[in-house]
Amino acid sequence: MTPVWTADLGDGTYRNPVLNADWSDPDVIAVGQDFYLTASSFGRAPGLPLLHSRDLVNWSLIGHALERLSPAPEFAAPRHDRGVWAPSLRYADGRFWIFWGDPDHGIQQINAERIRGPWSEPHLLKAGRGLIDACPLWDEETGEAYLVHAWAKSRSGVKNRLTGHRMSRDGRTLLDEGKVIIDGDRIPGWFTLEGPKLYRRDGWFWILAPAGGVETGWQGAFRSRDFFGPYEEKVVLAQGRTDVNGPHQGGWVRTPAGEDWFLHFQARGPYGRVVHLQPMAWGADGWPVLGDAGEPVRVHRKPAGPPQPVEAPATDDAFPGGRHGRQWQWTANPPPSPGPRSNREDPHAGWTVEHGGDGLRLACVRTADTHDLRLLPNVLTQRLPAETFTAEVTLALESTEPGARAGLAVLGDAYCWIGLRRAADGRVELVHRFAETVAERERDAAHARVAPAPDGRVRLGVEVSTGARCRFSYDTGDGWQPSGPVFAATPWRWVGALLGLFAVAPEGQGGAGTAMFTDFRIH
């Protein structure tokens, strides 16, 4: 299927954003001819997405580095403001490394010989609250290793400063107590300094770090001859005369052709943090120049290199063999894989039911929270893939349990869904429900209708227009019909709105049956 958004214009140029979805707080590296990118995943699982490109413009999702979040019990329910914040991806000593800050637990790292894994279990490098945005450096000039991180005031009472450590080369031990190496409070006009990325070039230590806040900030560069400072600073990218608000926080990468480029995010409300690619040069004064003289570019020539096929992260899914694709994440940790030691009394066990054919069979998980999708760990989600698009999926409600329901949702601080519900008299109803941001329970967005088939088989759709305004519809075999008023999607605090599939049932004993989703498409 043709992606709904492509950055490659086919004439040797590209347009921004190169990733027009919520790949928040990106970091990027080059290893040989390949580029790899990771991003924040907060409380969703699996976490730490891994993307691959050969030209920094055309990207594919190749997997995730973190199967489950830890400590696992704390991520058994949705935690959209916790978990994996602003990871850093590096390649050193023959291994891939990812470091990140969990604002409630501390700085963790995992590593692997190959990008597709297997990845090590998370190692807690520095425990503490408010430790975020960690980035390591293996200094090939001296053989030393270092770590820099930022602070979250919501947990620590501290912000606007960066702390540095010397670190063992195996990434498992910090070698000192740490020192504040950049204090943003001492720089006139700077606030919310965070998201540092640490590099070495021509005898200088470089820290590229954003400031000024997510929506309206700028990208800063800092340099020092000594890791522990003192550092000089300069603003190297800002919105200027463009419509790209807050162009900041990302990674610098050098291509095999010797060109420098910078990937960063732009916060776009319900769409999340989309990713832009900026050319990067070095001025006569030795400072980096990003974009067009420090302002974001909209269209630019592609990085030098062999032509590559047009590509974007997958969205469509036929669920071959009964399994979902890599683009999907649960809103919390899934149950442990079945095995002799798994807890088969766990009411959340078995969110998916294996079968031999195509289509995704979700168990109608029993829960006391059928009234609010935002509380459910078993919503299978993916990012909004463009500013405008239509998503469709076919649903059959196989469960005969009264109150069982399943559907297609747009999920955020407010949410809306359309789907099927088994009524007390055994009939299947077509329902459309929503909840406002401040609401504690959902309610009808349209009057319920009796579905024409015993399993209520229906094609569900949502058309998303500019501003993430969502028009839901359904097709029971006689053409598409609109349902309810337009719904305006909303983000969570740090996460864009999500598309979701779910199946639940009221509390009770024993299994509650299943719902079958087939032929998920975005166009």
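## A buried asparagine

The side chain of asparagine 378 places a polar atom 3.3 Å from the backbone oxygen of alanine 503, in what is a predicted model. Asparagine 378 belongs to the loop between strand E25 (365-366) and strand E26 (380-383), and with a relative accessible area of 4% it is buried, the cut-off for that class being under 20%.

Leaving aside neighbours within four places in sequence, the residues in contact with asparagine 378 are Trp330, Thr331, Trp351, Val365, Leu501, Phe502, Ala503 and Val504. Alanine 503, whose backbone oxygen lies 3.3 Å from the asparagine side chain, is thus also one of the residues listed as contacts.

## Salt bridges between separate parts of the chain

Side chains of opposite charge can pair when their charged atoms come close. Across the whole structure, a search finds 34 salt bridges. One of them joins aspartate 27 to arginine 90, with 2.8 Å between the closest N and O atoms. Because aspartate 27 lies in strand E2 (residues 27-31) and arginine 90 in strand E6 (residues 85-92), this pair ties together parts that are 63 residues apart in sequence. Aspartate 27 and arginine 90 are both buried.

A salt bridge also forms between arginine 361 and glutamate 398, where the closest N and O atoms are 2.9 Å apart. Here, too, distant parts of the chain are linked, with arginine 361 in strand E24 (residues 360-363) and glutamate 398 in the loop between strand E27 (389-397) and strand E28 (405-411), 37 residues apart. Glutamate 398 is partly exposed, at a relative accessible area of 32%.

## A partly exposed pair and a network

Arginine 521 and aspartate 519 form a further salt bridge, in which the closest N and O atoms are 2.8 Å apart. Both partners fall in the partly exposed class, arginine 521 at 38% relative accessibility and aspartate 519 at 27%. Elsewhere, Arg82, Asp104, Arg129 and Arg155 are joined into one network by salt bridges that share partners.

## The internal cavity

The count of cavities of 30 Å³ or more comes to one, and the largest cavity has a volume of about 40 Å³. Its lining is made up of Leu66, Arg68, Leu69, Ser70, Val84, Trp100, Asp102, Gln108 and Pro122. Sorted by class, the residues lining the largest cavity comprise five nonpolar, two polar and two charged ones.

How values were computed:
Residues numbered from 1 in each chain as written. Predicted model: local features only at pLDDT ≥ 70, side-chain atom pairs only at ≥ 80, totals over all residues. Heavy atoms only, no water. Salt bridge = Lys/Arg side-chain N within 4 Å of Asp/Glu carboxyl O. Helix = DSSP H or I, 4+ residues; strand = E, 2+ residues; numbered from the N terminus. Buried < 20%, exposed > 50% of the residue type's maximum accessible area, 1.4 Å probe, protein only. 1 Å grid on protein atoms, 1.4 Å probe; cavity = no way out; pocket = protein on both sides within 12 Å on 5 of 7 lines; lining within 4 Å. Points joined across faces, edges and corners; volume = space filled by probe spheres on them. Nonpolar A, V, L, I, M, F, W, Y, C, P; charged D, E, K, R; others polar. Polar contact = N/O pair within 3.5 Å; in protein donor to acceptor, adjacent residues only side chain to side chain. Contact = heavy atoms within 4.5 Å.
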